[in-house]
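Trainee: I'm new to this one. Can you walk me through it?
Mentor: Sure. Have a look first, then ask away.

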Amino acid sequence: MEVFHDFLKLLDSYLGGNALFPFILLGTGLFFTIFLGFPQIRYFKHAWKVVTGKFDSDDSPGDTSHFRALTTALSGTVGTGNISGVAFAIFLGGPAALFWMWATAFFGMTTKFVEVTLSHKYREKTEDGTMAGGPMYYMDKRLNMKWLAVAFAIATVISSFGTGNLPQSNGIATSIEETFGFEPWIVGSVLGILLALVILGGIQRIAAVTSKIVPFMALVYLIGALAVIFANLENIGPSFTSIFADLFTGSAATGGFLGASIAYAFNRGVNRGLFSNEAGQGSAPIAHAAAKTKEPVSEGMVSILEPFIDTIVICTLTGLVILSSGVWKDKHINEFERSSLEIVAGTYSEDDQQDRENLYHYLNHIGNSNVEKYTGDIQVVSGKAVSSGFTIIHARSLAEDVVFTVGGNEDLFTGSVKVVDGGIVKDNLILTGKSLVHSARLTTIAFTKGFFGDFGQYIVSIGLLLFAFSTAIAWSYYGDRAMTYLLGSRSVMPYRVVYVAGFVWASFSDTELVWTLASVAIVVMTLPNLFGILMLSKEMKSSVKDYWERFNKENKS
């Protein structure tokens, strides 16, 4: 498994971690924002009117309403990215990462408007009578690039696991275990059964479930977040200051946090922003293709609301909760994940400014750091290291009060621990101690720092359960539409079986492994879609012009 994770990290460095990808994503959104005259601002009010059914027509083709299409798409985006993803972005890139999530959302509102309009325009009715759409259809029918359509559909199937399935299950299981103490595999198994019961009903049942879950979960989460924000109101100003200050200086190595570079904050902020709102990824158009309307542009306008609700509202609330509570740079007792664990040669101290700078450069790959990975033996007696000459780093922080235990029975370990290139060789050895935490665990701790006290953790657990579960539901639909395009309707049921199995497996898998897979899957799906919509930019502009001409004519008569 470690070999597979190393391979994913290498792949992520060329894809999600590539310096060019954020520029491509934001650049596409910026281009369409200017080219179409800032539609995310000009059409915002009209989008709300469309989604509330003001212009609905019963005889329009499709499977579901504008509102249900929106909530299905929102259920696919509002998930662990809003709870775990924001925490992970701040953990990796510091406060400045939140700014880049905002930028991704603002320009993503236009990108999503374009991709949904074009996909809806070229949707088609399948052999079972339901609507099917998505970027693969305009790539095939309009661009005549069957190869690109097939590549995108395959990427969609992969991403349904990497984006909508594995991280959601892992986030739920981690939060439930942290709050209630239930074993992750039990949580995954129970929810796997519920997931199967929902997705077997197809788009009608999926839309019915998500239209009820999304508004409720958003309200519960809003109340919990505001309880923390108002309890730490004096820290809101400094929180915003840190967001903008870090844009130009990078996150300094303060508290337990060993810092993040400007480039790292930019890259991971944009990457997490995309994971959160999926603008440009090409997923939401699949859900919107089921909407009942004769006007593709009107459905595109509905999708403008998604990045706004998902990222600018919900992700901002999460970010302010984490920053204002201050828990993001505090150390907490936790079990160390091997993927976040590294042992370096020499003894380093957070109290030494030079040590902090050396570790900052090492972790951010800046310049020629003199920090080296440790190779050798660590002598341990009754769970405590008695030898020296090394420093344990976990989750971008110096680990404290580290205890070595043997997996399964958790007996205190005594003996020699072999370390090669910074990694522990012994598989069944577990390390616990104080370090920074990230993802769902960080948000859970932050929610206990408000008016609700320890009860706040239950809000995160319940919110994450509903958010992530609804995301898994929506992404199963995206995947089965892609399978329908690739192999026909008969391939859907086998896909759903594997999808449910993956959901159960991810509940007890390594968190960082799952997030790395998600980062790779997103890029593989996004790049072909961005290429496609750029190829059809002129058609998009003419479609918008034609829509307004028809709309104004119909509303004058």
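Mentor: One term before we start: a residue counts as buried when its relative accessible area is under 20%. Also, keep in mind that this is a predicted model.

Trainee: Got it. Which helix should I try that on, and where is it?
Mentor: Try α10, which covers residues 166–180. It is mostly covered, with twelve of its 15 residues buried.

Trainee: Which residues of α10 are the buried ones?
Mentor: Leu 166, Pro 167, Gln 168, Ser 169, Asn 170, Gly 171, Ile 172, Ala 173, Thr 174, Ser 175, Ile 176 and Thr 179.

Trainee: How far does α10 reach from end to end?
Mentor: From its first C-alpha to its last, α10 reaches 21 Å. That is close to the 21 Å expected at 1.5 Å a residue.

Trainee: And what follows α10?
Mentor: Gly 181 does. Its phi is positive, near 85°.

Trainee: Let's zoom out. How many helices and strands does the chain have?
Mentor: There are 23 helices and twelve strands.

Trainee: What share of the chain is buried?
Mentor: Of its 557 residues, 60% count as buried.

Trainee: And the accessible surface, what does that come to?
Mentor: About 21,300 Å² for the chain. Carbon and sulfur atoms hold 62% of that.

Trainee: What about contacts between residues far along the chain?
Mentor: Take the contacts with a separation of 6 or more. Residues 24 or more positions apart account for 84% of them.

Trainee: Switching to strands. Which ones form the open sheet?
Mentor: Four strands do, in the order β3-β12-β8-β9, and the pairing is antiparallel. The edge strands are β3 (332–335) and β9, each pairing on one side only.

Trainee: What holds paired strands together, generally?
Mentor: Strands of a sheet pair through backbone hydrogen bonds.

Trainee: Start at the β3 edge, then. How many bridges join β3 to β12?
Mentor: Four, and the two strands run antiparallel. For one residue match, Asn 334 has Gly 433 in β12 as its bridge partner.

Trainee: Next along, how many bridges between β8 and β12?
Mentor: Five, again in the antiparallel sense. β8 spans residues 400–406 and β12 spans 429–435. Thr 405 has Ile 430 in β12 as its bridge partner.

Trainee: That leaves the other edge. How does β8 pair with β9?
Mentor: In the antiparallel sense, over two bridges. β9 takes in residues 411–412.

Trainee: Which residue of β9 stands opposite Val 406?
Mentor: Asp 411.

Notes: Residues are numbered from 1 along each chain as its sequence is written. This is a predicted model: local features need pLDDT of at least 70, side-chain atom pairs count only at pLDDT 80 or more; totals for chains, interfaces and linings use all residues. Side-chain values use heavy atoms; hydrogens and water are left out. Buried means under 20% relative accessible area, exposed over 50%, partly exposed in between (1.4 Å probe, protein chains only). Contact means heavy atoms within 4.5 Å. Accessible areas come from the Shrake-Rupley method with a 1.4 Å probe; for residues, only the protein chains shown count as cover. The expected span of a helix is 1.5 Å times one less than its number of residues. Two strands pair if DSSP finds at least two bridges between them.
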